[in-house]
Structures are given as C-alpha cells and as structure tokens.
Amino acid sequence: MTPDRVVFSGAGGGLLDRDTGSDEPARPAIAALRRLGVPLVVCSSRPRREIMLLWRVLGLGAPVIVENGAALILPDGHLRSGVPGGRWDGEFHVLRLGPRRETLREALLEVAAAARVEVRIPAEPGREHSEPFLVETEGDAEALAREAATRGLRVVRGESLHHLCGGADKGLAVRTLLSLYEREGRLPTAIALGAWQVDLPMLRAAHRPIVLPGPGGTVEPLLSAELKHAERARRGGPEGWNDAVLTVLAGRRLPTVSRGVRPVDDGPLVFEPRRRTA
C-alpha cells in the first residue's frame, strides 16, 4: 500500500548526533513513524555501506538515498510494480542516478588543474558515485565549483568534506522516489528535515521542508536565505529532530525560518500534496 506521507532526512546533525553518532534521542519519533506506517527515508551524502548499516540498526525497511542523491536503493517488495531501470542487488533494487566514482575522480583532477586549485583526496572506502575532497579555503571550493559546472558537474559541501558529484542531487532522488510512489497509485506528502547546504535540493523537493539548526542554534546561511518560509526545528541534533517529527505527527506546525513569522498552532494540518512540475 502506498503511504500517504513519507519523511526524508539527512543523517548527521539531525537524526544522528554530529559528535557522537548516537540516534538514541530520536528513537521515540522513529518508533512513532513505524507505528503509523510512515516510511523514514535516510537521504545522505554518506556511502551506501555506512547508511545500510544504520538502516539495519534502526530497522527502517524504507528506501535510502546515498552519496548526495547519486543512488536510490529500495528494499525488494517495497513497490508492487518494481523499479524501472533499477539493478537487482541481493535484497535491494539499486537505481543509479549519477556517474561512477572512477569517472568523478578523473574529472576532479582535471577540474582542479583547470582551476589551479590544490585538492586533497581523503581515503574514504565504500563510495561508488561521488568523490570527496579537501581544499584550503572556501574560495578554492568556489573556483572548483565554477569549473565543474562547465562540465555538467557539481561541488557540494557536506558535514566535513566537499564532494564532486554528477548531475544528480538529493532533490532529484526525492522526486524520483515520489514519482515511483505516484506510479503505484498515490503521491505521498513529502516531509524533509535537513541541516546542511547539501540538503537544500532535498528540502526544495519536499512539500513540507523543516530546517534543523546547526551548532550554537544557528541555521546554515544558505538554507536561511533560500527557505525563509520553511519550518524551523526548535533545536538541532537528534533531540530537535525528534521534537520536529513528533510535532508533525501531532498535526501541528513549527515556527518558520524567517524571523517575525508566528507558527501556526491552531488546529490540525490539512495536507494538500503539490503536483510536480516539469
């Protein structure tokens, strides 16, 4: 049965504590989602191996999105009609939306040489569709991003590293999954929670975006600028994530990102899914 709602979430800084990696404070909301049959789709910049371990520990049973939207992974049987274009891989259907890492590593070296920027590639095993790297300054990252864009590639900043990615992003992966659900007979309402620049496409693709504050209670400046009317969790980390999800499930709203806009807490929400546009 196609769900009427689906929750998309980044991992670090929200569902998981940024420093300890603990999900303990988020467990009540995770359990509530499970009881209500609302899929929790982890949408992360992290590699498949790491996210699938989290998937098993939490007993999620829902699809996952890895490496900034480069791959959408669905458990067998999650969709009645299967996954067009997906590759069968043991228990899962894998829909690849971005180029392979080997291609991106070659491209990163070319982009860095053209931009005259020195990059350092950390040893990060397990990645298949994105290339993480380090630079000295944000100015270097911006120069790389401009050069990468001329090749149809993107540079995004995650929790601690920059990543060179193909044309896919978290937003494309979210829209793809929603279209697969719609193909089954219903377009569910998409609720998304994110804290980082890399989460912006995911938040934009959702019907109900919720921004999580970062360290010190501040909102990532890009998210603050681009999502002024999105909801804002009262605090960051798994505690804030838990509170935000339970607030949504209770049919209430959070304050908005922009200052001076009062939260709407005067009754149950009526979800009206927004149709996707071409």
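A cavity, as the word is used here, is a set of grid points where a 1.4 Å probe fits but cannot get out. In this predicted model, a search of the whole structure finds two such cavities of 30 Å³ or more, and the second largest of them has a volume of about 30 Å³. The points below take up that cavity, then the nonpolar cores, and then two buried residues with polar side chains, histidine 162 and glutamate 231.

**The second largest cavity**

- The residues that line the second largest cavity are Arg48, Val66, Ala71, Ile73, Arg87, Val94, Glu128 and His129.
- Sorted by class, this lining consists of four nonpolar residues, three charged residues and one polar residue.

**Nonpolar cores**

- In soluble globular proteins, nonpolar side chains tend to be buried together.
- The largest nonpolar core in this model has 38 residues, and those with the most contacts inside it are Leu15, Ile30, Leu193, Ile210 and Trp241.
- Two or more residues of this core come from each of several elements, among them helix H1 (27–36), helix H2 (48–58), strand S4 (71–75), strand S10 (189–194) and helix H8 (237–249), and the largest share, five residues, is given by H2.
- A second core, separate from the largest one, has 31 residues, including Cys43, Ala190, Val219 and Leu223.
- Isoleucine 30, when its neighbours within four places in sequence are left aside, is in contact with Leu15, Leu40, Leu58, Leu60 and Trp241.

**Histidine 162**

- Histidine 162 lies in strand S9, which covers residues 162–165, and it counts as buried because its relative accessible area of 10% is under the 20% cut-off.
- The side chain of histidine 162 is joined to that of glutamate 138 by a polar contact of 3.5 Å.
- Beyond its neighbours within four places in sequence, histidine 162 is in contact with Glu131, Pro132, Phe133, Val135, Glu138, Ala141, Val155, Val156 and Arg157, so that Glu138 appears both in this list and as the partner in the polar contact.

**Glutamate 231**

- Glutamate 231 is placed in strand S12, made up of residues 231–232, and it is buried, because its relative accessible area of 3% also falls under 20%.
- From this position, the side chain of glutamate 231 reaches the backbone nitrogen of leucine 254 at 2.8 Å.
- With neighbours within four places in sequence left aside, the contacts of glutamate 231 are Arg208, Pro209, Ile210, Val211, Arg253, Leu254, Pro255, Thr256 and Val257; of these, Ile210 is also one of the residues with the most contacts inside the largest nonpolar core.

Key: Residues are numbered from 1 along each chain as its sequence is written. This is a predicted model: local features need pLDDT of at least 70, side-chain atom pairs count only at pLDDT 80 or more; totals for chains, interfaces and linings use all residues. Side-chain values use heavy atoms; hydrogens and water are left out. On a 1 Å grid over the protein atoms alone, a cavity is a set of points where a 1.4 Å probe fits but cannot get out, and a pocket is an open set with protein on both sides within 12 Å along at least five of seven lines; lining residues have an atom within 4 Å of a point. Grid points are joined across faces, edges and corners, and a volume is the space filled by probe spheres set on the points. Ala, Val, Leu, Ile, Met, Phe, Trp, Tyr, Cys and Pro count as nonpolar, Asp, Glu, Lys and Arg as charged, and the others, Gly among them, as polar. A nonpolar core is a set of buried Ala, Val, Leu, Ile, Met, Phe, Trp, Tyr and Cys residues joined through side-chain atoms within 4.5 Å. Buried means under 20% relative accessible area, exposed over 50%, partly exposed in between (1.4 Å probe, protein chains only). Helices (H or I, at least four residues) and strands (E, at least two) are DSSP runs, numbered from the N terminus. Contact means heavy atoms within 4.5 Å. A polar contact is a pair of N or O atoms within 3.5 Å; within protein, one must be able to donate a hydrogen and the other to accept it, and residues adjacent in sequence count only if both atoms are side-chain atoms.
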